[in-house]
Amino acid sequence: MAAISFDPRINRQTSKNSHGVIIEEVEGLIRVYKDGHIERPPIIPNVPCNVATVNDVTAKDVVIDKFTNLWARIYVSNRSGTLPLLLYFHGGGFCVGSAAWSGYHEFLANLASKASCIILSINYRLAPENRLPTAYDDGIDAFTWVKQQALNGSPEHKWWLSRCNFSSMFLAGDSAGANIAYNVATRLESRYNPESMTKPLCFKGIILIQPFFGGEARTLSEKNMTQPANSALTLSASDTYWRLSLPLGSNRDHPYCNPLANGASKLRDLRLPAIMVGISELDILKDRNSEFCSALTRAGKRVETVTYKGVGHAFQIIHNSHLSHTRVQEMASHIKTFINQWQRECVSCFLLLYIKVQLLNLWSIYIVS
């Protein structure tokens, strides 16, 4: 993977703007003016889907909803056989980022190849133009679209539908995208019963990479973790993203931001599949991510935690350390193992259930006779 610069100084505009006072800014990424105008400087370039990154992956863009401009970039590994499906949400504090960003294009093409899977990278609507829960709504709409394609797919989508194992579906994302993946999962849990989800989709797991959560009370890593000048996430940037993305009048203990704000007891009521959480050692979110994992474990959820040493937030997209390339390959390997593990586990559970049903049928016949 090529290194991507994340120095906002190289994109500083020198021309005068005509929009007056800037009221919110994450330097180099987003400026919000008092008159409502919003700028997102192109600090990371967008690339078309046909830009080659790895040889054994095909990528194309598809429209999900033309009225909301919801679309996805689909990556299909050219390995033989049917492949598991990842519904992936990019990061960017809900306010910036794109499925077309070069960093995501490289990372997800590489992941599709290494993990032998199909990835739908969802380009959801951004805040502050579309505050939360719009991104969650787009996630549900993307899930519903996939389900419709699985049931009544059109010929134009055969190139990926024919390769897809719809009984092995995962939600995934990094940073704000991980927050979206988690919130979409909890909404699916409340909206669909398990029987309807298996027709034909089967939701097997959630992959959360550096999930972007927050809270009014600061964690130790938020207060004390020293970040380099080109860090992808500082505490001030985090606070700005939350001010721009949460519903107006909300603080950082809103459930969208802090899933533990009302205590962890409600987690016990959620019927969630297995969860993998990737934590970066130098990320200001490290402690908050660890607390989230501990709460899930106490609530009886199946949680696998992986810590990536020596790297910071979004290292897999913004390669700002010498270790990044190695850690990205480790992450791809961990995700592949997680996917394969829960595919096998669910197949085993299905076989056990089938055997149990057959034994019950034989027992009923014996009783009747």
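Is Phe94 buried or exposed, and what is its relative accessible area? In this predicted model, Phe94 has a relative accessible area of 1%, and because buried residues are those under 20%, Phe94 is counted among them. Phe212 is likewise assigned to the buried class, with a relative accessibility of 1%.

Across the whole structure, a search for aromatic pairs returns 14. Phe94 and Phe212 make up one such pair, in which the ring centres are separated by 6.1 Å and the planes meet at 40 degrees, a geometry classed as tilted. Phe94 is located in the loop between strand S6 (83-89) and helix H1 (102-114), whereas Phe212 is located in the loop between strand S9 (203-209) and helix H6 (220-224), so the contact ties together parts of the chain that are 118 residues apart in sequence. A further pair is formed by Trp101 and Tyr104, whose rings are stacked, with 6.4 Å from centre to centre and 20 degrees between the planes; both of these residues are buried.

The pairing of Phe94 with Phe212 also belongs to a wider arrangement, since these two residues form one aromatic cluster together with Tyr241 and Trp242. Tyr241 and Trp242 are buried residues of helix H7, which spans residues 235-245 and is mostly covered, 8 of its 11 residues being buried. The other buried positions of H7 are Ala237, Ser238, Asp239, Thr240, Leu244 and Ser245.

An aromatic ring is also involved in a contact with a charged side chain: Lys60 is placed over the face of Trp159, at 4.7 Å from the ring centre.

Key:
Residues numbered from 1 in each chain as written. Predicted model: local features only at pLDDT ≥ 70, side-chain atom pairs only at ≥ 80, totals over all residues. Heavy atoms only, no water. Buried < 20%, exposed > 50% of the residue type's maximum accessible area, 1.4 Å probe, protein only. Helix = DSSP H or I, 4+ residues; strand = E, 2+ residues; numbered from the N terminus. Phe/Tyr/Trp six-rings, centres within 6.5 Å; stacked < 30°, edge-to-face > 60°. Lys NZ or Arg CZ within 6 Å of the ring centre and 35° of its normal.
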